[in-house]
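Student: Could you take me through one part of this model up close? I'd like to see how the strands sit together and what packs around them.

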Amino acid sequence: MVSLAMLITLGVGLGRFFYDKHVDDNLLENAVVDFAIINHGSVSADSQNRTLIELEREKRQLHTQVTASGPLQTVQVHLFATVADYQKFTGWATWSGAYTRCSPRVIEVYLPAEKAGSAFTREAPTSGPAHEMVHVVECQILKERADFVPSWFAEGLAEYESSKGFSKLPDRVMRRVSLWWNRNKMMTEDEFLNYYPSESEPAERVAVFYNSCLEFMRYISARFSEDPCWTILVDVRNGGIFEEEFTSAFGQSPNNLYLEWLKSF
Ligand SMILES: [Zn+2]
């Protein structure tokens, strides 16, 4: 027998489905304008659309930062069917899952496309497109001063922003546990603050770095707010020195704050 509760559940489920579809259609419509797609190999139209939707969703989430940094530059999105295809084409290390090349003229994103499938069979979106979209906005703000911000800060913001939301909770918990598990391999302040994940780096160390970036940025945002981080980027673009801008925004040097976080972790 069909109960009232079942009918209500079905009604809410269907309503949710049509609402999500409406939002996705709307995101896709805007994404087609914002991003120029270059397909490498056999990326299905559905996969391509899923990726565009995730890029656009993050862009909308970073709305304030995007608006403040002026009209979005040309963003070229290079899509690959698999991570292996991406690594083969770019020649990047096996730990690398996506990449954003920042130049003042054009911003290029290289990433594997999201998985296709119907609303019922599809896997949850990965944080890959959102992560790269944060780099796009960072690049948009910093322009030719992109190299004046340390890797931990650019990656920290990308990790933190792209792992927000309820659907990313299991991933956040897993990464926190993984870092805690590897706590005897945590980087010293000098290592972390000057680290650049180069190709020769072992994957395990790169993972400690990215997990530390996420957790450290979460710590900063919880203790203060994430807003000053975006303001620091604007200040660096306008000629400021990163260390000085950071210290004046938070009243502590990155060095001291990192040590404070390490102690609290
Ligand atoms: Zn990144």
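Tutor: Let's start with the domains, keeping in mind that this is a predicted model. The domain assignment splits out domain 1, residues 29-123, and domain 2, residues 149-265. Taken over C-alpha atoms, the centres of domain 1 and domain 2 are 23 Å apart. Where the two touch, domain 1 puts in 7 residues and domain 2 puts in 6 residues. On the domain 1 side of that contact you'll find 4 nonpolar, 2 polar and 1 charged residues.

Now for the sheet you asked about. A bit of background: strands of a sheet pair through backbone hydrogen bonds, and they can do that either parallel or antiparallel. Here we have an open sheet of 4 strands with mixed pairing, and the order across it is E1-E2-E4-E3. E1 and E3 (99-102) are the edge strands, each with a single partner, so one side of each has no neighbour in the sheet. On average, and ignoring direction, neighbouring strands are turned by 20° against each other.

Let's walk across it, pair by pair. E1 (residues 35-40) and E2 (residues 75-80) run parallel and are joined by 6 bridges. To find one of these with your own eyes, look at isoleucine 38, whose bridge partner in E2 is histidine 78. Step over to the next pair, and E2 runs parallel to E4 (residues 107-112), with 6 bridges joining them. Here you can look for glutamine 76, which has glutamate 108 in E4 as its bridge partner. Then comes the antiparallel pair: E3 and E4 are linked over 4 bridges. One spot to check is cysteine 102, with isoleucine 107 as its bridge partner in E4.

So what packs on these strands? Helix H4 (residues 83-90) does, touching E1, E2, E3 and E4, and its direction makes about 135° with that of E4. H5 lies across E2, E3 and E4, and runs at about 170° to E4.

H5 is worth following further, since other helices meet it too. When two helices pack, people describe them by the angle between their axes and the distance between the axes. For H2 (residues 45-61) and H5 (residues 128-142), the axes come within 8 Å and cross at roughly 50°. That angle makes H2 oblique to H5. The crossing of H2 past H5 is right-handed. If you want to see the contact itself, find Thr51, Glu54, Leu55, Glu58 and Lys59 in H2, which meet Pro129, Ala130, Met133 and Val134 in H5. Sorted by class, the residues of this contact are 5 nonpolar, 1 polar and 3 charged.

H5 also has a meeting with H10 (residues 227-237): their axes come within 8 Å and cross at roughly 35°. From H5, the residues involved are Glu138, Ile141 and Leu142, and they meet Leu233, Val234, Val236 and Arg237 in H10. This contact of H5 with H10 has 5 nonpolar, no polar and 2 charged residues.

Finish with one more helix pair, H6 (residues 151-162) and H9 (residues 203-223). Their axes come within 8 Å as well, and they cross at roughly 75°. That puts H6 roughly perpendicular to H9. On the H6 side, the contact is made by Trp152, Glu155, Gly156, Leu157, Glu159 and Tyr160, while H9 brings Tyr210, Cys213, Leu214, Phe216, Met217, Arg218 and Ser221. By class, the contact of H6 with H9 holds 8 nonpolar, 2 polar and 3 charged residues.

Conventions: Residues numbered from 1 in each chain as written. Predicted model: local features only at pLDDT ≥ 70, side-chain atom pairs only at ≥ 80, totals over all residues. Axes fitted to C-alpha atoms, helices over the stretch in contact; angles between N-to-C directions. Helix = DSSP H or I, 4+ residues; strand = E, 2+ residues; numbered from the N terminus. Parallel < 35°, antiparallel > 145°, perpendicular 65-115°, else oblique. Left-handed = near helix turned anticlockwise from the far one by under 90°. Nonpolar A, V, L, I, M, F, W, Y, C, P; charged D, E, K, R; others polar. Domains from an automatic or database assignment. Pairing = 2+ DSSP bridges.
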